[in-house]
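User: I should like to understand how the terms used for a protein model are justified. Please set each value against the cut-off that applies to it.

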Amino acid sequence: MGTIIVWIAMAIVAVEVLTTYWRTPPAELFHLASSGPDVGIHQSLGILAFPTGLFAVAIAALAVDQLPSRRAVVAAIATAILGVMVFLPGGLDETDLDTRPVTLLPLVAVAGALGLTLLAVHRCGVGRFGPRLPGDRLRAGLGIALLVIGLPWMAAEVGLSLDVVPGLGQVYLSDVASSQPSSPAPYQAVHDGHHHGMDGVLVAAAALLLSRGLVRMHSVRLRRLVSAYLSVLLVYGLANALEDAWVEQIVKCGWASWEPPKFQTPALSVAWASLAVL
């Protein structure tokens, strides 16, 4: 059931991104000179490549555990390889948001994982979300924290600002503020459209949901591999969400000048070594 929820959530996000980048003036978007239907399609494809390609690896493994056939295993391995290829040089670049050939490879992984999911559902059914499992309270707590952190990005995803929402406008810096530490001119704290902090929220939330399927896996070796991978996704997602939230809600408010390192692209660095240890 967790897999189905992840697929539905990403479909909703892709549609939101499509419509927002279709109708929003480019001046309100990030590093884009134009908007319109072609831009909306490019951006929605980008969302399906990343971060959905990362989920596809775990989803394919969970599905293939229910499909003991050689073809399914080969498809899952291919999905795992293609899903992480978005991390190849040039795959993630905030200054160049156009769809590039390297981003098409994770799209193939997503299609493969979706196919395996449908086969698993046909063979075993959708399944139930319950019963309660060990760690569900922690999952729920982290899920609520992700919701609180991600509210400004969820609004920006559909072209809205929390500044106009009573109560939330006093809690979150969202639209336009009078000054920024590096510039006295007015600026848009949270631009319309998709944010890499939202990618972090989606990755962490997907890891929490998919982890509930580990107990139903038959292969102990595969369960350990998927568990390790989901652990990486959880920490990676939390790191990106907290980094983007710190910059937008703390630094841009002028409360601090220090900015944490970015975690979006893997690198040989102390920051990534710390992430790996966590």
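User: In this predicted model, which residues lie on the other side of helix 4, and what makes them count as exposed?

Analyst: They are Arg70 and Val74. A residue is called exposed when its relative accessible area is over 50%, and Arg70 and Val74 are both placed in that class.

User: Which residues of helix 4 are buried, and how do you know that they line one face?

Analyst: The buried residues of helix 4 are Ala72, Ala76, Thr79, Leu82 and Gly83. Viewed along the helix axis, these buried residues fall within an arc of 135°, and therefore they line one face of the helix.

User: How do you know that the length of helix 4 agrees with its number of residues?

Analyst: Helix 4 covers residues 70-83, which is 14 residues. At 1.5 Å a residue it should span 20 Å, and its end C-alpha atoms are 20 Å apart, so the two values agree.

User: What makes isoleucine 81 partly exposed?

Analyst: Isoleucine 81, which belongs to helix 4, has a relative accessible area of 46%. Partly exposed is the class between under 20% and over 50%, so the value of 46% places isoleucine 81 there. The C-alpha atoms of isoleucine 81 and proline 106 are 8.7 Å apart in space, although the two are 25 residues apart in sequence.

User: Which residues make the nonpolar surface patch?

Analyst: Val73, Ile77 and Ile81 make a patch of about 260 Å². To belong to a patch, a residue needs over 30% relative accessible area; Ile81, at 46%, meets that condition. Isoleucine 77 is likewise found in helix 4.

User: Why is the contact between arginine 139 and aspartate 136 called a salt bridge?

Analyst: The term requires a side-chain nitrogen of Lys or Arg within 4 Å of a carboxyl oxygen of Asp or Glu. Between arginine 139 and aspartate 136 the N to O distance is 2.9 Å, so the pair qualifies as a salt bridge. Both residues lie in helix 6 (residues 136-157), 3 residues apart, or about one turn of the helix.

User: Why is arginine 139 called buried?

Analyst: Its relative accessibility is 18%. Buried means under 20%, so arginine 139 counts as buried. Aspartate 136 is buried as well. A polar atom of the arginine 139 side chain also lies 3.4 Å from the backbone oxygen of leucine 208. The limit for a polar contact is 3.5 Å.

User: Which other residue forms a salt bridge with aspartate 136, and why does the pair tie together separate parts?

Analyst: The partner is arginine 212, with the closest N and O atoms 3.0 Å apart. Aspartate 136 lies in helix 6, whereas arginine 212 is in the loop between helix 7 (196-211) and helix 8 (220-251), so the pair ties together parts that are 76 residues apart in sequence. Aspartate 136 and arginine 212 are both buried.

User: How many salt bridges does the whole structure hold, and what is the distance in the one between glutamate 243 and lysine 262?

Analyst: A search of the whole structure finds 3. The side chains of glutamate 243 and lysine 262 meet at 3.5 Å, N to O. That pair links glutamate 243 in helix 8 with lysine 262 in the loop between helix 8 and helix 9 (270-277), 19 residues apart. With a relative accessible area of 3%, glutamate 243 is buried. Through shared partners, salt bridges join Asp136, Arg139 and Arg212 into one network.

User: How do you know that aspartate 65 is buried?

Analyst: Aspartate 65 has a relative accessibility of 10%. The cut-off is under 20%, so aspartate 65 counts as buried. Aspartate 65 is located in the loop between helix 3 and helix 4. The C-alpha atoms of aspartate 65 and arginine 223 are 8.9 Å apart, with their places 158 residues apart in sequence.

User: Which peptide bond is cis, and what is its omega?

Analyst: The bond from phenylalanine 50 to proline 51 is cis, with omega near 15°. Most peptide bonds are trans. Proline 51 is in the loop between helix 2 (37-49) and helix 3 (52-64).

Note on methods: Residues numbered from 1 in each chain as written. Predicted model: local features only at pLDDT ≥ 70, side-chain atom pairs only at ≥ 80, totals over all residues. Heavy atoms only, no water. Helix = DSSP H or I, 4+ residues; strand = E, 2+ residues; numbered from the N terminus. Expected span 1.5 Å × (residues − 1). Buried < 20%, exposed > 50% of the residue type's maximum accessible area, 1.4 Å probe, protein only. Arc of directions from axis to C-beta. Patch = residues over 30% accessible without salt bridge, like charges linked within 9 Å, V, L, I, M, F, W, Y side chains within 5 Å. Areas by Shrake-Rupley, 256 points an atom, 1.4 Å probe, with all protein chains shown as cover. Polar contact = N/O pair within 3.5 Å; in protein donor to acceptor, adjacent residues only side chain to side chain.
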